[in-house]
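What follows is a report for a reader who is meeting this structure without earlier acquaintance. Please keep the sequence and the model in view while reading.

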Amino acid sequence: MLRNQSKQYSLYSILYHKIPDNHILKLIDQAVDFSFVNKLLESSYCKYYGRPAKEPEMMIRLLILQYLYNLSDEKIIEETSLNLASMWFVGLNPEEELPHPSLLAKFRVHRLQEVTMDEIIKEVVKQCVEKGIIKGHSISIDATHTHANTGKLVPERVLKHLAKKKS
């Protein structure tokens, strides 16, 4: 069950003022509005039945932290619970509990099935282009050299080659 709950800061959230304005997580939060994630994933949640679900935006933010710092599911939950900037980025008050690490895996497998990460990345890139963070004045082409299997002399190719020569 997905509920839209309004965020209310607690008394302890005054600690978030200690996070510098030039911190990478504050810069990401200023650049990208992740509220589109809730709308995008709304169809994968039941609105009226079941236990209350963790907010999709919070789960995506945890996955972004996981990617940024190259951590496992267990480690990102542990590190986020200890890091004030990460707690702020995820959108929780300092005294609130983070989801169990297994919920990250369940979120990736069950909730991100219908919506691919490509759609989320496209929206993030679109927002960055609109704000002038990303400029697209050139084209990048992948010119990676790979060895093809076409030059190997396997019996089938040798026989085909010989058959062509005789005809």
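## Overall build

The protein contains 8 helices and 0 strands, and its elements, read from the N terminus on, follow the order α-α-α-α-α-α-α-α. The model is a predicted one, so the values below should be read as computed from that prediction. Of the 167 residues of the protein, 29% count as buried. The accessible surface amounts to about 12500 Å², and 56% of this surface belongs to carbon and sulfur atoms. Among the contacts in the protein with a separation of 6 or more, 71% are between residues 24 or more positions apart.

## Helix α1 and its cover

Which residues of helix α1 are buried? In this helix, which spans residues 24-31, they are Leu25, Lys26, Ile28 and Ala31. The cover over the buried residues of α1 includes α3, together with α5 (84-90) and α7 (117-130).

## Two buried residues of helix α3

Helix α3 covers residues 56-69, and Gln66 lies within it. Is Gln66 buried or exposed? With a relative accessible area of 12%, Gln66 counts as buried because this value falls under the 20% cut-off. The side chain of Gln66 makes a polar contact with the side chain of Asp73 at 2.6 Å, and the side chain of Gln66 makes another polar contact, at 3.4 Å, with the side chain of Arg108. When residues up to four places away in sequence are not counted, Gln66 touches Leu71, Ser72, Asp73, Ile76, Leu104 and Arg108. Asp73 and Arg108 thus appear in this list of touching residues, and the side chain of each makes a polar contact with that of Gln66.

Leu63 is also found in helix α3. Its relative accessibility is 12%, so Leu63 counts as buried. Leaving aside the neighbours within four places in sequence, Leu63 is in contact with Leu104, Phe107, Arg108 and Leu112. Leu104 and Arg108 are therefore touched by both Leu63 and Gln66, because each residue's contacts include them. The C-alpha atoms of Leu63 and Val90 are separated by 9.9 Å, and these two residues are 27 residues apart along the chain.

## Salt bridges

How many salt bridges does a search of the whole structure find? The search finds 7, including the three pairs set out in the table, each with its closest distance between N and O atoms.

| Pair | Helix and spacing | N to O distance |
|---|---|---|
| Glu57 and Arg61 | α3, 4 residues apart | 3.2 Å |
| Lys75 and Glu78 | α4, 3 residues apart | 3.6 Å |
| Lys126 and Glu123 | α7, 3 residues apart | 3.8 Å |

Glu57 and Arg61, which both lie in helix α3, are about one turn of the helix apart. Glu57 is buried, and Arg61 is buried as well.

The partners in helix α4 (residues 73-82), Lys75 and Glu78, are separated by about one helical turn because they are 3 residues apart in that helix. Lys75 has a relative accessibility of 34% and so counts as partly exposed, and Glu78, at 39% relative accessibility, counts as partly exposed too.

Lys126 and Glu123 both lie in helix α7, again about one turn of the helix apart. Lys126 counts as partly exposed at 43% relative accessibility, while Glu123 is partly exposed with a relative accessible area of 21%. Elsewhere, salt bridges that share partners join Asp29, Glu57 and Arg61 into one network.

## A nonpolar patch on the surface

Which residues make the nonpolar surface patch of about 480 Å²? The patch is made by Met117, Ile121, Val125, Val129, Ile133 and Ile134. One of these residues, Val129, lies in helix α7. With a relative accessible area of 45%, Val129 is partly exposed, because this value lies between the 20% and 50% cut-offs.

Technical notes. Residues are numbered from 1 along each chain as its sequence is written. This is a predicted model: local features need pLDDT of at least 70, side-chain atom pairs count only at pLDDT 80 or more; totals for chains, interfaces and linings use all residues. Side-chain values use heavy atoms; hydrogens and water are left out. Helices (H or I, at least four residues) and strands (E, at least two) are DSSP runs, numbered from the N terminus. Buried means under 20% relative accessible area, exposed over 50%, partly exposed in between (1.4 Å probe, protein chains only). A polar contact is a pair of N or O atoms within 3.5 Å; within protein, one must be able to donate a hydrogen and the other to accept it, and residues adjacent in sequence count only if both atoms are side-chain atoms. Contact means heavy atoms within 4.5 Å. Accessible areas come from the Shrake-Rupley method with a 1.4 Å probe; for residues, only the protein chains shown count as cover. A salt bridge is a side-chain nitrogen of Lys or Arg within 4 Å of a carboxyl oxygen of Asp or Glu. Patches are made of residues with over 30% relative accessible area and no salt bridge: like charges are joined within 9 Å, nonpolar side chains (Val, Leu, Ile, Met, Phe, Trp, Tyr) within 5 Å.
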